[in-house]
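Biologist: I am new to this structure and would love a close look at a single part, the stretch where aromatic side chains meet. Please give me the wider setting too, in plain words.

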Amino acid sequence: MSSRARKGRILNRILLIAYIALLIFFMFFSDDLGRQIQGRSRTFNVVPFKEIKRFWSMRYTYGWGITLTNLVGNILIFVPFGLLVPASAKKKYLKNFFTVMALTVALSAAIELIQYFTVVGAFDIDDIILNTVGGFVGYICYLFARLVQ
């Protein structure tokens with residue numbers, strides 16, 4: 001392995017750690033995203049596409065900002081994960097599409113469960129679906145970056 005490739009992998013690992021730290025902050029501690037515990041009850045949605053349809057149908061009522069934050073934001077927040085996991089991996093199986101997708105689903109589900117049990121958010125299967133799309137987009141970006149190297 002070349003020194004350049006090794007340095008790139010190390011940089012990607014640092015970026016992955018920084019990304020996960022920021023993800024934890026925004027998912028559990030950011031007041032801007034309404035992450036306060038006071039007066040909230042546990043809520044969950046296990047019906048696929050229910051909340052996606054609701055946000056889309058209410059886009060004029062909620063406003064485009066809230067709609068896009070929920071729908072597009074849940075995709076974009078996981079793009080770095082799908083890109084950085086394979087880019088920072090030394091082991092070949094961690095560069096595999098199915099492994100990256102499984103890790104994306106696992107991380108997203110863990111976040112949703114922690115939000116549910118700590119009452120700083122709701123468990124929403126639609127968030128897992130959108131996050132997985134983001135991981136997929138990130139993985140496509142990783143493949144594209146490898147092609148142009």
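Modeller: Here is a short tour that starts with the whole chain, then turns to the aromatic stretch and ends with a few other places.

First, some ground rules. You are looking at a predicted model, in which local features need pLDDT of at least 70 and side-chain atom pairs count only at pLDDT 80 or more, while totals for chains, interfaces and linings use all residues. Residues are numbered from 1 along each chain as its sequence is written, and side-chain values use heavy atoms, with hydrogens and water left out.

Now the overall picture. The protein chain has seven helices and two strands; here helices (H or I, at least four residues) and strands (E, at least two) are DSSP runs, numbered from the N terminus. Read from that end, their order is α-β-α-α-α-α-α-β-α. Along the principal axes, the C-alpha atoms of the protein chain fill a box of roughly 55 × 30 × 25 Å. The chain has 149 residues, and 36% of them count as buried. Buried means under 20% relative accessible area, exposed means over 50%, and partly exposed is in between, with a 1.4 Å probe and protein chains only. Take the contacts (heavy atoms within 4.5 Å) between residues at least 6 apart in sequence: 71% of them join residues at least 24 apart.

Let's move in on T67, a good place to begin. T67 belongs to helix α4, residues 64-76. Its relative accessible area is 0%, so T67 is buried. Leaving aside residues up to four places away in sequence, T67 touches F55, W56, R59, Y62 and V72.

One of those partners, Y62, sits in helix α3, residues 59-62. With a relative accessible area of 29%, Y62 is partly exposed. Under the same exclusion of residues up to four places away, Y62 touches R54, F55 and T67. By contrast, Y62 and L83 are 21 residues apart in sequence, yet 31 Å lies between their C-alpha atoms.

Next come the rings themselves. A pair of aromatic rings is described by the distance of the centres and the angle of the planes. Rings of Phe, Tyr and Trp (its six-membered ring) pair if their centres lie within 6.5 Å; planes under 30 degrees apart count as stacked, over 60 as edge-to-face and the rest as tilted. This rule gives 12 aromatic pairs. One of them joins W56 and W64, edge-to-face, at 5.5 Å centre to centre and 75 degrees between the planes. W56 is another partner of T67, and its relative accessible area of 43% makes W56 partly exposed. W64 is also partly exposed, at 38% relative accessibility. W64 forms an edge-to-face pair with Y60 as well, at 6.0 Å centre to centre and 90 degrees between the planes. Y60 counts as exposed because its relative accessible area is 63%.

What about aromatic rings elsewhere? Ring pairs link F97, F98, F136, Y139 and Y142 into a cluster. Another ring, that of Y116, has the charged end of R42 over it, 5.8 Å from the ring centre. A charge sits over a ring if NZ of Lys or CZ of Arg is within 6 Å of the ring centre and within 35 degrees of the ring normal.

Two residues stand out by their backbone angle. Most residues other than glycine have a negative phi, and most peptide bonds are trans. F49 is not a glycine, yet it has a positive phi of about 75 degrees. You will find F49 in the loop between β1 (44-45) and α2 (50-57), and at 41% relative accessibility F49 is partly exposed. V119, again not a glycine, has a positive phi of about 60 degrees. V119 lies in the loop between α6 (97-118) and β2 (123-124) and is buried, with a relative accessible area of 12%.

Finally, here are two places where distant parts of the sequence come together. F28, in helix α1 (residues 3-28), is buried at 12% relative accessibility. F28 and T118 are 90 residues apart along the chain, and their C-alpha atoms are separated by 8.8 Å. P80, in helix α5 (residues 79-88), is partly exposed at 27% relative accessibility. From P80 to G138 it is 58 residues in sequence but 5.8 Å in space, C-alpha to C-alpha.
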